[in-house]
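Hi there,

Here is the structure I promised to pass on to you. Have a look at it first, and then read my notes below.

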Amino acid sequence: MPTNNIFIIFGCLICSLVCYSEYQKNRYSDTIAEAMTIIETQALKKLSRRELYRAAMQGMVAQIDEHSAFIDGREDVSEFRESLDQEFGGIGIIVENNEKTGLTVVTPLPETPAANAGMQPGDVIIAVNSQATRDLSREESIKLIKGPVGESVNIEFRHRGDTDTVSADMVRQVVEVPSVEGDSRDSTLHWTFRLEQDPRIGYIRLSTFGEKSEKEISAALATIDGDVNGLILDLRDNPGGLLNTAIQLADKFIDDGVIVETRRRDGRVEDRYTASAKLEFDKQIPMVILINGRSASASEIMAACLQDHGRAIICGERSWGKGTVQNVITMENQKSILKITTASYWRPSGKNIHRSEGVTTEDEWGVIPSPGFEVKLTEEQQFDVLRYRNLRDRKNIGLKVDQPIEKVEDPQI
């Protein structure tokens, strides 16, 4: 057979394989498109093509696990990015919904439009852009207050104990949402990172692992500058966040060894992250990490790392048990986000802390407190801890705490 014919046959085989491969991919997309058309034109309930597309995407990612998601719509995408970027356009206040007074300021954040306008802890927000907050839900009020950076919003508020109303136009600015808190605030409303009852003990609360958490932790550590007899890092109720931030924070406390590994679905090691030689906190100073059943993901990476290296005592309750890594992919020109689980992470001891379906309390998962440091709480006791912390925070900024205060999520706007 002539050589040219062999090349022609070989080329045809390659072309056929490529075409078959594309057919295998496209036949499902064609079927999905056909189903969307049938539903759009014949279903009793009228649904737009965008709604059908969103449902199809959400259905696909739901087959991966509960941590994967399809986030659609500019508002939802914006909120998702805000949670990671730790910033948004607002006036810089933390509020709660008080049944007696209405939308109430817990504290204005220092050096923000709200603080500059004279807002104080306990102020009641009467109206936003002439819309009475009494007629709005908390979420609706927050949406009115937040908005594009550089645009003005009018806030009518009343100081605690006053009858007169103050009206102020505030220009929204980029408000940074702190992820690091201390035990109490000073006279300027800044956090102090020592226990109020015993300043020899450092205390840092971390609510999430965001883009700015690494710098915030460094700043907090700088304020105590190793001048303590011990350090408490509170990761209770911390749901996690960015893997890279967890690695950066763990690296501040150890100077050698593996921090965490990530592995693909075939078990192959994808990345191995190790500590640098630089320390930001003296290794000789004892350290305790507080966790509970709602400490997850990045919280578990950091707690497991410092536990395996013998750097910290873990105190509290067994953690949640989320040992998977999600990759965030922006789609449709920033209109949607695909968040999918792509890997699992493994602690320095070589164990995966993920709580898989069907496991029992006898199985090895999560981060277990160090021997002798397990503190189990009932649901009522957990509520009491949250309520106490909320009361302490309010007392530190001068709010009255003689009446019971229900624990609420305090959105920062």
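Let's begin with Phe-70, which has 6% relative accessibility and therefore counts as buried (buried is under 20% relative accessible area, exposed over 50% and partly exposed in between, using a 1.4 Å probe and protein chains only). Its ring partner Tyr-53 is partly exposed, at 22%.

A word on the source: this is a predicted model, where local features need pLDDT of at least 70 and side-chain atom pairs count only at pLDDT 80 or more, while totals for chains, interfaces and linings use all residues. Residues are numbered from 1 along each chain as its sequence is written, and side-chain values use heavy atoms, with hydrogens and water left out.

Now the rings. The whole structure holds two aromatic pairs (rings of Phe, Tyr and Trp, the last by its six-membered ring, pair if their centres lie within 6.5 Å; planes under 30 degrees apart are stacked, over 60 edge-to-face, the rest tilted). Tyr-53 and Phe-70 meet edge-to-face, with 5.8 Å centre to centre and 85° between the planes. Tyr-53 belongs to helix 2 and Phe-70 to strand 1, 17 residues apart (helices, H or I with at least four residues, and strands, E with at least two, are DSSP runs numbered from the N terminus). Phe-253 and Phe-281 form an edge-to-face pair too, at 5.9 Å and 65°. These two sit in loops, so their pair ties together parts 28 residues apart in sequence. Both Phe-253 and Phe-281 are buried.

Next, which helix should you look at? Try helix 8 (residues 298–308): 10 of its 11 residues are buried, so the rest of the structure largely encloses it. Its cover includes helix 7, strand 15 and strand 20. Just after helix 8, Gly-310 has a positive phi of about 70°.

Helix 8 also matters for the largest nonpolar core, which has 42 residues (a core is a set of buried Ala, Val, Leu, Ile, Met, Phe, Trp, Tyr and Cys residues joined through side-chain atoms within 4.5 Å). Ile-204, Ile-289 and Leu-306 touch the most other members. Helix 8 gives the most to this core, seven residues. Beyond its neighbours within four places in sequence, Leu-306 is in contact (heavy atoms within 4.5 Å) with residues including Phe-253 and Ile-289.

Finally, Cys-305 is buried, at 0% relative accessibility, and a search of the whole structure finds zero disulfides (cysteine sulfur atoms within 2.5 Å).

Enjoy exploring!
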